Amino acid sequence: MTKKISLIGAGQIGGTLAHLIALKELADVVLFDVAEGVAKGKALDIAQSSGVSGFNIDLKGTNNYEDIKNSDVIIITAGIPRKPGMTRDDLLGTNLKIIKQVAEGIKKNSPNAFVICITNPLDVIVMALQKYSGLPTNKVVGMAGILDTSRFKYFLSKEMKVPIKHIKSLVLGGHGDSMVPMQNHTIINNNTLSDLIKEKKISKDKLKFIIERTKNGGGEIGKLLEKGSAFYAPAASGVQMAESYLKDKKEELPCAAYLNGEYGVKNLYAGVPVIIGKSGVEKIIELDLNSEEQKNFEVSIKAVRDLLASAKKIDPKLE
Ligand code: APR
């Protein structure tokens with residue numbers, strides 16, 4: 001039977017998600033947006049490309065939550081994107097209100113879906129989404145680590161002149177400024193990044209620059225675009241998560257997942273490697289962290305907790 005993916009938010013990322021899902025024939029697509037015309041217009045535009053691209057799925061645009069009924073996957077990008085000069089934290093107040101409406105729509109119409117959140121500030125918005133919707137924690141997950149890791153791999157591949165396919169890497173922690181690139185889990189042509197530093201194949205300064213550029217990956221693009229923020233790479237990352245769930249691929253992917261004691265963290269969403277299969281988040285992979293990675297991970301967790309404290313001030317119901 002054809003699967004169904006509903007996209008809440010039909011903006012830049014939502015539209016790109018719909019197009020990628022269509023090209024892969026992953027599922028029928030419902031594009032939902034408060035701006036009804038945008039959702040309908042994009043659905044129709046993408047559907048009209050099927051004559052050229054040859055895909056065979058249904059696309060529908062709507063502003064009615066009843067249309068998301070019985071979705072297998074829901075991907076949320078509803079919200080306002082980060083504008084130049086704006087931190088992820090500034091987005092918090094507005095996007096919390098939006099996510100509350102979205103959570104209620106999902107709870108009422110499609111409570112069995114696997115829900116992937118992309119709206120920023122990611123770690124706190126996905127936590128709020130889980131609390132507002134009451135869906136099980138293994139079915140609510142945030143997209144961040146795949147994107148951060150992909151950006152890191154891209155910059156490394158350019159610097160080291162190695163095809164990106166030959167680089168494996170992992171970024172942990174919160175999305176953005178506090179992310180933790182894992183040097184011992186970054187493998188370039190069978191060597192760890194830590195070894196490559198020792199062998200002086202990459203200087204510490206170059207690596208520091210690459211890490212900073214990765215952390216600021218979204219900011220750099222937002223500044224260039226002037227209007228809106230990154231959307232191609234975020235959408236591709238969201239699709240990878242949806243595909244692993246729908247096809248039960250059990251891929252190991254870094255995602256914002258609910259921690260209940262793993263990594264010594266309780267009752268918080270943060271970026272860790274997880275297995276995504278037909279039951280949602282089927283397992284959280286606990287890696288051994290060296291002392292520096294552990295220290296950076298703790299700084300990252302503190303940043304998420306601090307932002308969550310701000311969210312709880314805005315809405316005490318998040319306690
Ligand atoms: N319900 C549904 N859709 C909404 C709501 C709502 N309550 N409020 C806003 N939207 C819609 C807007 O109408 C818009 O079409 O969300 C869409 C957001 O699209 P864009 O502004 O183009 O933003 P986009 O680049 O897609 O990013 C979305 O993802 O990465 C994050 O920081 C980014 O939080 C932002 C989100």
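In the predicted model, the ligand is surrounded by 18 residues, of which Gln12, Ile13, Asp33, Thr77 and Gln101 come nearest. By residue class, this shell divides into 8 nonpolar, 8 polar and 2 charged members. Polar contacts to ligand oxygen atoms involve both backbone and side-chain atoms. A polar side-chain atom of Asp33 is placed 2.6 Å from a ligand oxygen, and a polar backbone atom of Gln12 lies 2.8 Å from an oxygen atom of the ligand. For Gly79, the distance between a polar backbone atom and a ligand oxygen is 3.4 Å. Of the 730 Å² of accessible area that the ligand has on its own, the protein covers 86%. Two elements, α1 (12–24) and α4 (92–109), each give two or more residues to the shell; the largest share, 3 residues, comes from α4.

A second set of results concerns strand β13 (residues 266–277). Because 10 of its 12 residues are buried, that is, under 20% relative accessible area, β13 is largely enclosed by the rest of the structure. Strand β12 (residues 251–260) runs antiparallel to β13 and is joined to it by 10 bridges. The two strands form a hairpin with 5 residues between them, and Gly261 in the turn has a positive phi of about 115 degrees. Strand β14 (residues 280–284) also pairs with β13 in the antiparallel sense, over 4 bridges, and a hairpin of 2 residues connects β13 to β14. Val274 of β13 takes part in both pairings: Val274 is the bridge partner of Leu253, and the bridge partner of Val274 in β14 is Ile284.

Definitions and conventions
Residues are numbered from 1 along each chain as its sequence is written. This is a predicted model: local features need pLDDT of at least 70, side-chain atom pairs count only at pLDDT 80 or more; totals for chains, interfaces and linings use all residues. Side-chain values use heavy atoms; hydrogens and water are left out. Buried means under 20% relative accessible area, exposed over 50%, partly exposed in between (1.4 Å probe, protein chains only). Two strands pair if DSSP finds at least two bridges between them. A residue is near a molecule or strand if one of its heavy atoms lies within 4 Å of it. A polar contact is a pair of N or O atoms within 3.5 Å; within protein, one must be able to donate a hydrogen and the other to accept it, and residues adjacent in sequence count only if both atoms are side-chain atoms. Accessible areas come from the Shrake-Rupley method with a 1.4 Å probe; for residues, only the protein chains shown count as cover. Ala, Val, Leu, Ile, Met, Phe, Trp, Tyr, Cys and Pro count as nonpolar, Asp, Glu, Lys and Arg as charged, and the others, Gly among them, as polar.
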